[in-house]
Amino acid sequence: MADASNIYVGVAGYFGKPDHPGKVGVFQRAAKGGDWKHVLGNVQAFTVFVHPGDPEIVFAGTNDGVWRSTDRGATFRRTAFPDDKKEVWSFMVDSRDPKKMLAGASPIDVYRSEDAGQSWRKLPTPKIGTHCKGPFASRVMRLAQHPTKPNEIFAALEINGVMHSSDGGESWTDCSEGLIKLSELPHLKSKIVSDTTAEGMLDGHAVTINPADPDAAIVALRMGLFRTADKGRTWQDMEMKRFSPVTYGRDVKASPTEPNTLYTALSVAASSHDGAIYRSQDGGKSWQRFDKVQVHGTIMSIGLHQRDPSQVYIGARYDGEVFGTQDGGQSWQAMPLPGEVQHIYSVACG
């Protein structure tokens, strides 16, 4: 299926290095080979997302709202998004209706589309407390929908924990109290950009739900992976240090095709020069290293194909590093972005 697939990479600036040169936006290439094309270059792209029901439709979450492609990423146009210069960091398609979508933004807001992403409206701003004051506004980094109770949605928030909706995103409940409680443990304290040692446990980057364990959610945080089975009231440490020498959790995804299989991106820190992809085939009870490459930047994103489990792609933050496997992890290929680019945030395929 690689013959019919494309790979997409979202590139953006990096806080703390405002003068760093290089291109931003979206890069696209055929999975079977060929050159990268810089298909969107006038905005920064924090996330790229292939519509799970139609690979012709590709989205970019940018520093100026939502941009959309209807030709497999060859061209992008800005959608009818209501707010100028709003950062969009995440997308989710409602499992009940492929035309209904959510987008997560920074500062924390959620937007809804009912026409497959052509137009958007802002939902009521979540009434979530500010647990951590940092140098940037908190971000809705990932949205995950319950497989059989679709009105239930989790959202991972960068430096503000996790929130949960029981009404499809119209309102949200703060799920961070249990994470803050865990941050009292000495090994889970971390303070880098704020005034609280709970910062590390509030530094949410991704959340996923395993269809084989639908009533639980797993969040990837600075301090590792944590699981809740009671809608975020309490959280359990999955203790990734048992399997990996590095535990900074930047991404976690349930496979759309492999039952009970999860992938996670683990690195040293937000700014580091090492990392690895781990795979669990028993719902997170055990993990094994999956990749066979040496990255030179924090692994920021895992791209899983919606229908082909043999394809997995990863992007590391620095130097345009992209790697992929098209044979289920047996072999890996380096696919670096051309020229000087800023920092990779997202990889997708479809």
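Strands here are DSSP runs of E with at least two residues, numbered from the N terminus. With that in hand, glutamate 170 is easy to place: it sits in the loop between β14 (161–165) and β15 (173–174). What you're looking at is a predicted model, and the protein in it has two helices and 28 strands. Here's a quick tour, from the whole chain down to a few strands and one loop residue.

**The whole protein**

- For 350 residues, a compact globule would have a radius of gyration near 20 Å, and the 18 Å found for this protein agrees with that.
- Laid along its principal axes, the C-alpha trace spans about 50 × 45 × 45 Å.
- Buried residues make up 60% of the 350.
- Take the contacts with a separation of 6 or more: 50% of them come from residues 24 or more positions apart.
- The accessible surface adds up to about 13700 Å², and carbon and sulfur atoms hold 49% of that.
- On the charge side, there are 39 positive and 40 negative side chains, and the centres of these two sets lie 1 Å apart.

**The sheet β8-β9-β10-β11**

- Four strands make an open sheet here, in the order β8-β9-β10-β11, and their pairing is antiparallel.
- β8 (87–93) and β11 (121–122) are at the edges with a single partner strand each, so one side of each has no neighbour in the sheet.
- Strand β10 (residues 109–113) runs antiparallel to β11, and two bridges join them.
- Look for arginine 112 along this pairing: its bridge partner in β11 is arginine 121.

**The sheet β12-β13-β14-β15**

- This is another open sheet of four strands, ordered β12-β13-β14-β15, again with antiparallel pairing.
- The edges belong to β12 (139–145) and β15, and each has just a single partner strand, so one side of each is left without a neighbour in the sheet.
- β12 and strand β13 (residues 153–158) run antiparallel and are joined by six bridges.
- Within that pair, valine 140 stands opposite leucine 157 in β13.

**Glutamate 170, in the loop between β14 and β15**

- Glutamate 170 has a relative accessibility of 32%, so it counts as partly exposed.
- Leaving aside residues up to four places away in sequence, glutamate 170 touches Arg112, Arg121, Leu123, Pro124 and Ser165.
- Two of those contacts may ring a bell: Arg112 and Arg121 are the bridge partners from the β10 and β11 pairing.
- Arginine 78 lies 92 residues from glutamate 170 along the chain, and their C-alpha atoms are separated by 24 Å.

**Strand β17 and its partners**

- Five of the five residues in strand β17 (residues 217–221) are buried, so the rest of the structure largely encloses this strand.
- Both faces of β17 are covered, with Ala217, Val219 and Leu221 buried on one side and Ile218 and Ala220 buried on the other.
- Strand β16 (residues 204–208) pairs with β17 in the antiparallel sense, over four bridges.
- Valine 207 has valine 219 as its bridge partner in β17.
- β17 also pairs with strand β18 (residues 224–228), in the antiparallel sense and over five bridges.
- The link from β17 to β18 is a hairpin, and it goes through two residues.
- Alanine 217 stands opposite threonine 228 in β18.

How values were computed. Residues numbered from 1 in each chain as written. Predicted model: local features only at pLDDT ≥ 70, side-chain atom pairs only at ≥ 80, totals over all residues. Heavy atoms only, no water. Pairing = 2+ DSSP bridges. Rg over C-alpha atoms; globule rule 2.2 N^0.38 Å. Buried < 20%, exposed > 50% of the residue type's maximum accessible area, 1.4 Å probe, protein only. Contact = heavy atoms within 4.5 Å. Areas by Shrake-Rupley, 256 points an atom, 1.4 Å probe, with all protein chains shown as cover. Lys, Arg positive; Asp, Glu negative; His and termini not counted. Charge placed at Lys NZ, Arg CZ, Asp CG, Glu CD.
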